[in-house]
Amino acid sequence: MKFQRDFENFKTACIPWEMKIKEIESHFGSSVASYFIFLRWMYGINMILFGLTFGLVMVPEALMGKPYGSLPRKTVPRAEEATAMNFATLWDFSGLAQYSVLFYGYYNNQRTIGWLKFRMPLSYFLVGVGSIGYSFMVVTRTMAKNANDDGGGDDTSFNFSWKMFTSWDYLIGNPETADNKFASITTSFKEAIVEEQESRKEENIHLTRFLRVLANFLALCTLAGSGYLIFFVVRRSQQFALEGLENYGWWERNEVNTVMSLLGMFCPTLFDVISSLENYHPRIALRWQLGRIFALFLGNLYTFIIALMDEINLKLEEEKIVKYNMTIWEASLYNGTVPENSTAPPIQVDPADVPRGPCWETMVGQEFVRLTVSDMMTTYITILIGDFLRAVFVRFFNYCWCWDLEYGFPSYSEFDISGNVLGLIFNQGMIWMGSFYAPCLPAINVFRLHTSMYLQCWAVMCCNVPQERVFKASRSNNFYMAMLLFILFLSTLPAVYTIVSIPPSFDCGPFSGKTRMFEVISETLEHDFPSWFGKVFGYASNPGLILPFILLMVLSIYYLNATSKSYKEANLELKKKLQSQAEENKRRNKQKAQKSNEQEENPFETEQSPAKPKGEKQDESSPNKDSKKGQDGNGSKKTGQPQEASSSQTLQHPGPVLNGHYPPQSRGGNFPPPSIAVTRPPGPRRPGVPGYPPGNPCLPGMQPGMPRGPPMYR
C-alpha cells in the first residue's frame with residue numbers, strides 16, 4: 001500500500017504545474033483554477049503542433065534545403081540589406097526574419113530535397129491539414145470525455161454534512177499542505193453557501209427583466225462601436241499601404257494591431273460593469289460575459305480577416321504587374337547582344353538583385369505573428385501595471401490615504417476569468433489560422449503559454465484577491481471547449497478558402513508554379529504511386545461518392561444524437577425516482593425516530609387508539625366507555641388515592657399483555673420494544689404489604705413480587 005501511494009504521489013508530481021494549480025484552487029476556488037487547467041491543456045495541444053511543424057517542416061528545410069542566399073526567395077533584397085539586421089526591423093518580423101524558415105516564402109518548390117529525398121511541398125501541406133484535423137479530434141474527444149465525467153450522482157444531499165465530516169485528509173504531514181487544505185475547505189464552504197443562497201433567492205421579476213434588457217442593449221452598442229472602430233482603422237491602414245509605409249511612423253504601421261489589443265483589454269472591463277445590472281448567478285453571469293467577449297473578439301478577428309483579404313487581392317494585382325516587369329527585365333539583361341541559338345553560359349545575377357513578387361502568403365503570416373506578439377505584450381503589461389503596481393500602491397499607501405484603499409477605490413484587483421479565457425481561445429484561433437503561412441507561430445504560442453503560466457500564477461497569488469462571491473465551477477470545462485471548437489471551425493474557413501480558391505504566389509513558397517495549393521496531392525499520386533492507386537483515389541474523390549457518404553454520416557449523427565437524448569432523459573427520470581425514494585425513506589426514518597423518542601420519554605402513556613369506523617362499532621364502544629368511567633370513579637373513591645391518580649388509571653402500559661405478545665400499534669404490525677429498559681420508581685406502598693398491591697392501577701395485571709417488563713428486560 002505504501003508503494004502504491006508513493007507511486008500515485010509520483011504520478012501527481014509529474015503532472016506539470018499540478019501543485020501550483022491546487023494551491024490556487026485552495027485560495028481562489030475552482031472557477032479560477034479551471035482557467036489554469038484549461039491553459040495547461042492548451043499548452044499540451046500546442047506542444048504537439050510545435051513538434052509537427054518544427055520536426056517535419058522547419059528542421060528538414062534548414063538541414064536539407066538550399067542555403068540562405070542561393071535563391072532570390074532565400075535572400076534579402078539589395079534595397080533592404082542596410083536595415084535587415086536592425087532591431088526595429090526584426091521586431092517587425094521583416095528583414096532577415098522575413099527571409100528565413102519562420103515564414104512561408106522561404107521554402108523551395110523542389111519536390112525532393114536532400115539525400116533522404118524528403119518531399120518538402122507534400123510534407124508542408126499535410127502538416128498544415130493534419131494540425132487542423134488533430135485539433136478537431138482532440139477537442140471533440142475531450143468534450144465527449146468531459147460529458148461522460150459530468151453525468152451521474154447527486155451532490156446536493158447532505159452537502160454541508162459531507163463537507164464538515166469528510167473534507168480533511170488525515171494523512172497530511174506537511175504544515176504548508178495543511179494550510180492549503182484548510183484554505184481549500186474554507187473556499188468550498190463559501191462556494192456551497194453561494195449555491196444555497198442562489199437556489200433560495202427571490203427577486204423582483206419585472207425590475208430584473210428591465211435591467212437585463214438594458215444591459216444587453218448597452219453590450220450591443222459596445223460591440224457595434226468596436227466593429228466600426230476596427231473597420232475605420234483597417235481602411236486607414238490600407239490607405240497608408242497604398243501611399244507607402246516608409247512615409248509614416250510606428251503608430252501608423254502598427255495601428256491595427258494596437259487598436260485590437262486595446263479593445264481586447266478595455267472592453268471586457270466594460271462588459272463586467274454592465275453585467276452587474278443583471279443579477280445573475282455567478283456561473284451564469286460568467287457565461288454571459290464569455291459570450292459577449294466572444295462576440296467582441298470574433299467581430300474584431302473577422303474584420304481583420306476581411307481587411308487581409310482585401311490586401312491579398314491588392315497583392316495579386318501587384319503580382320501581375322511584377323510578372324510583366326520581370327519579363328522586360330530578363331529581356332533587358334541581354335540587350336539583344338546574345339544570339340538566340342548561342343551556347344554561351346547564361347548571365348549570372350546576384351539573387352539580391354533579382355526583382356520578386358509581393359508573396360502574399362508571407363504577408364499574411366507576418367500579420368498574424370505581429371498580432372500574436374502584440375497580444376502577448378499587452379497581456380504582460382496589463383499584469384505588471386494593472387495588477388502588480390496597483391497592489392503595491394494599495395498596500396503601501398493605504399496607511400496615509402484619506403479613505404480605505406483596500407475596501408474602496410482602487411482596492412486589490414480580482415482575477416478576470418472571462419477575459420483571460422477568451423484571450424486564450426482567440427489567440428489559439430489565430431495560431432490555427434496563421435500557422436499554415438508562418439510555421440513559427442506554434443513555437444511562439446508555446447513560449448507565450450509557458451511564460452503566462454508562471455507569470456499569472458505569481459500575479460494571482462501575490463496581487464489578486466478572491467472574488468466577493470466565490471462560486472463553484474462546472475465539473476467539466478465543456479463550455480470552454482464548445483467555444484474553442486467553434487473558433488476552430490471559424491479559423492479553418494479562411495485557411496481552407498485560401499488553399500482551395502486563391503492561387504499561390506509564383507516565386508515564393510513550396511507551392512509556387514501551381515494553380516492551386518492542393519495540386520501537390522495529385523502530383524504526388526502521379527509520380528510516386530502506381531497508376532491504379534491514382535485511379536482509386538480519383539474514384540473515391542468523385543462527388544458522386546462523397547455526397548452520399550456525407551449524407552450517411554449526417555443521418556448517423558442524427559440517429560446517435562436522438563439515441564443519446566433518449567438515454568439522457570431516461571437517466572434523468574431514474575435519478576428523479578431515486579431522489580424521491582430517498583426523500584421518502586428519510587421521512588419514514590424521521591417519523592420512526594420521533595415515535596421512539598416519544599415512547600422513551602413517556603413509557604407508561606398509551607398511544608392514541610386508532611379512529612373507529614362510523615356505525616355499529618362506534619356505538620358499541622360508547623357503553624364501555626361510560627362503564628369504564630364509572631368504575632374508575634368508584635375505584636378512586638374506595639382506595640382513597642388522590643384525584644390525579646384517577647386520570648392515570650386510564651393509561652395502559654405499552655408492554656406485552658398476559659400472553660407475552662405486543663398489541664398491534666399501527667398498520668405496520670407489532671411495534672418493537674425500545675432498545676433500553678425504562679424503569680419507573682415504585683408507587684407508595686401500604687404498610688405490611690410486600691411489593692406492589694394487587695390490582696395496581698399503574699400496572700394492571702401485575703402480581704405482587706413479579707419482575708416488571710418483558711423477559712428481555714430482566
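**Figure 1. Surroundings of Thr75 in the loop between α3 and α4 of the predicted model**. Thr75 belongs to the loop that joins helices α3 and α4. Its relative accessibility is 7%, and Thr75 therefore counts as buried, the limit being under 20%. Beyond the residues up to four places away in sequence, Thr75 touches Tyr68, Gly69 and Ser70. Tyr99, Pro351, Ala352 and Arg356 are also among the residues that Thr75 touches.

**Figure 2. Helix α3 and its kink at Phe54**. Helix α3 covers residues 30-64, which makes 35 residues. At 1.5 Å a residue, a span of 51 Å is expected for α3, and the end C-alpha atoms lie 49 Å apart, in agreement with that value. The helix nevertheless has a kink of about 40 degrees, and Phe54 is at its centre.

**Figure 3. The salt bridge between Arg119 and Asp528**. The closest N and O atoms of Arg119 and Asp528 are 2.7 Å apart. Arg119 is found in the loop between α4 (87-91) and α5 (120-150), whereas Asp528 is in helix α16 (residues 519-528), so the pair ties together parts of the protein that are 409 residues apart in sequence. Arg119 has a relative accessible area of 33% and is partly exposed. Asp528 is likewise partly exposed, at 28% relative accessibility. Both residues take part in a network of salt bridges that also links Arg111, Lys514 and Glu523.

**Figure 4. The salt bridge between Arg448 and Asp375**. The side chains of these two residues meet at an N to O distance of 2.8 Å. Because Arg448 lies in helix α14 (residues 441-463) and Asp375 in helix α12 (residues 360-397), the salt bridge ties together parts that are 73 residues apart in sequence. Arg448 is buried, with 5% relative accessibility. Its partner Asp375 is partly exposed, at 22%.

**Figure 5. A salt bridge within helix α18, between Glu584 and Arg587**. The N to O distance in this salt bridge is 2.2 Å. Glu584 and Arg587 are three residues apart in α18 (residues 543-601), and about one helical turn therefore separates them. In an α-helix there are 3.6 residues a turn, so residues three or four places apart point the same way. Glu584 is partly exposed, with a relative accessible area of 25%, and Arg587 is also partly exposed, at 40% relative accessibility. A search of the whole structure finds 14 salt bridges.

**Figure 6. The largest nonpolar core and the contacts of Leu484**. This core contains 102 residues. The members that touch the most other members are Phe36, Trp360, Val369, Leu422, Phe426, Leu484 and Ile487. Helix α11 (residues 282-334) supplies the largest share of the core, 15 residues. In soluble globular proteins, nonpolar side chains tend to be buried together. With residues up to four places away in sequence left out, Leu484 touches Phe38, Trp41, Met42 and Val139. Ile425, Gln428 and Trp432 are also in contact with Leu484.

**Figure 7. Thr222 and Phe210 in helix α8**. Helix α8 runs over residues 205-243 and includes Thr222. Thr222 is buried, at 15% relative accessibility. Apart from its neighbours within four places in sequence, Thr222 is in contact with Cys267, Leu270, Phe271 and Ile274. Phe210 also lies in α8, but Phe210 counts as exposed, with 55% relative accessibility. The C-alpha atoms of Phe210 and Leu277 are 9.5 Å apart in space, although the two residues are separated by 67 residues in sequence.

**Figure 8. The protein as a whole, for orientation among the close-up views**. The secondary structure consists of 20 helices and four strands. Of the 714 residues, 36% are buried. The protein exposes about 43800 Å², and carbon and sulfur atoms supply 62% of that area. Among contacts between residues at least 6 apart in sequence, 77% join residues at least 24 apart.

Note on methods
Residues are numbered from 1 along each chain as its sequence is written. This is a predicted model: local features need pLDDT of at least 70, side-chain atom pairs count only at pLDDT 80 or more; totals for chains, interfaces and linings use all residues. Side-chain values use heavy atoms; hydrogens and water are left out. Helices (H or I, at least four residues) and strands (E, at least two) are DSSP runs, numbered from the N terminus. Buried means under 20% relative accessible area, exposed over 50%, partly exposed in between (1.4 Å probe, protein chains only). Contact means heavy atoms within 4.5 Å. Accessible areas come from the Shrake-Rupley method with a 1.4 Å probe; for residues, only the protein chains shown count as cover. A salt bridge is a side-chain nitrogen of Lys or Arg within 4 Å of a carboxyl oxygen of Asp or Glu. A nonpolar core is a set of buried Ala, Val, Leu, Ile, Met, Phe, Trp, Tyr and Cys residues joined through side-chain atoms within 4.5 Å. The expected span of a helix is 1.5 Å times one less than its number of residues. The bend at a residue is the angle between axes fitted to the seven residues ending there and the seven starting there.
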